[in-house]
Amino acid sequence: MHHQPDKLSIKDWRYKWFQWPVLLAISWVVMTQVHEWGHVVGGHLSGGHLVALDVWPWHLPYSIFEPDPQPLITLWSGLLLGIAAPFVVALVFRMPEVWFVSHFCWLANGSYISLAWISGDSYLDTTKLLEHGAPAWSLGLYCLVSISVGYVGIKRAIKDLMECKAKPQMEVGESK
Ligand SMILES: [Zn+2]
């Protein structure tokens with residue numbers, strides 16, 4: 001009987017460490033998908049015609065509208081829906097796992113826009129936004145807000161997940 005708590009704590013330990021790669025994989029897929037579908041929704045609603053779409057998560061997803069009459073709406077939709085949609089889902093579920101995914105999206109979108117700014121690659125969102133006349137301050141503000149919110153939020157979500165209070169207490173109680 002006294003072996004029971006050891007077994008449970010190993011199980012709990014495994015659960016705790018296994019959750020990180022799983023959560024990161026889910027976060028990556030959610031981040032890339034919601035961002036790209038945000039472009040698709042924005043492009044469609046602003047009168048564009050979708051001619052190419054690749055959203056398989058093991059590629060870097062892309063979508064091409066031809067024509068794309070309001071390119072700024074198409075571009076901003078990916079950036080804004082990419083953080084807003086997972087945030088709304090997290091507000092509904094209020095679970096640390098869902099907050100982790102939501103804040104990963106804030107952090108990753110902000111990091112992507114800033115890194116693309118530095119790299120200057122012509123097919124990345126930052127370069128396209130600047131080419132189509134988005135003011136640099138709006139991109140700077142986007143990066144500042146999304147990286148700050150994402151950084152603070154993901155730290156809190158990791159802390160909540162590490163503490164993992166309810167689960168082991170419940171299992172130890174049941175074993176008696
Ligand atoms: Zn994009």
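Helices α3 and α5 cross each other in a left-handed way. This is a predicted model, and in it the axes of α3 (residues 96-119) and α5 (residues 136-163) come within 7 Å, crossing at roughly 150°. What sort of residues make up the contact of α3 with α5, nonpolar, polar or charged? They divide into 17 nonpolar, 8 polar and 1 charged.

Now for helix α2, which covers residues 71-93. Its 23 residues, at 1.5 Å a residue, should span 33 Å, and the end C-alpha atoms are indeed 33 Å apart, so the two values agree. Still, α2 has a kink of about 30°, and L81 sits at its centre. L81 is also one of the buried residues of α2. Others on that list include P71, W76, G82, I83, P86 and A90. Just past the end of α2 you'll find R94, with a positive phi of about 50°.

Here are some numbers for α2 and the residue just after it:

| Item | Value |
|---|---|
| Expected span of α2 | 33 Å |
| Distance between end C-alpha atoms of α2 | 33 Å |
| Kink in α2, centred on L81 | about 30° |
| Phi of R94 | about 50° |

Let's zoom out to the whole chain. How many helices and strands are there? The chain has 6 helices and 2 strands, and along the sequence they follow the pattern α-β-β-α-α-α-α-α. The chain runs to 176 residues, and 30% of them count as buried. As for contacts between residues at least 6 apart in sequence, 66% join residues at least 24 apart.

Definitions and conventions. Residues numbered from 1 in each chain as written. Predicted model: local features only at pLDDT ≥ 70, side-chain atom pairs only at ≥ 80, totals over all residues. Helix = DSSP H or I, 4+ residues; strand = E, 2+ residues; numbered from the N terminus. Expected span 1.5 Å × (residues − 1). Bend = angle between axes of the 7 residues up to and from the residue. Buried ≥ 20, exposed ≤ 12 C-beta atoms within 10 Å, placed from the backbone. Axes fitted to C-alpha atoms, helices over the stretch in contact; angles between N-to-C directions. Left-handed = near helix turned anticlockwise from the far one by under 90°. Nonpolar A, V, L, I, M, F, W, Y, C, P; charged D, E, K, R; others polar. Contact = placed C-beta atoms within 7 Å.
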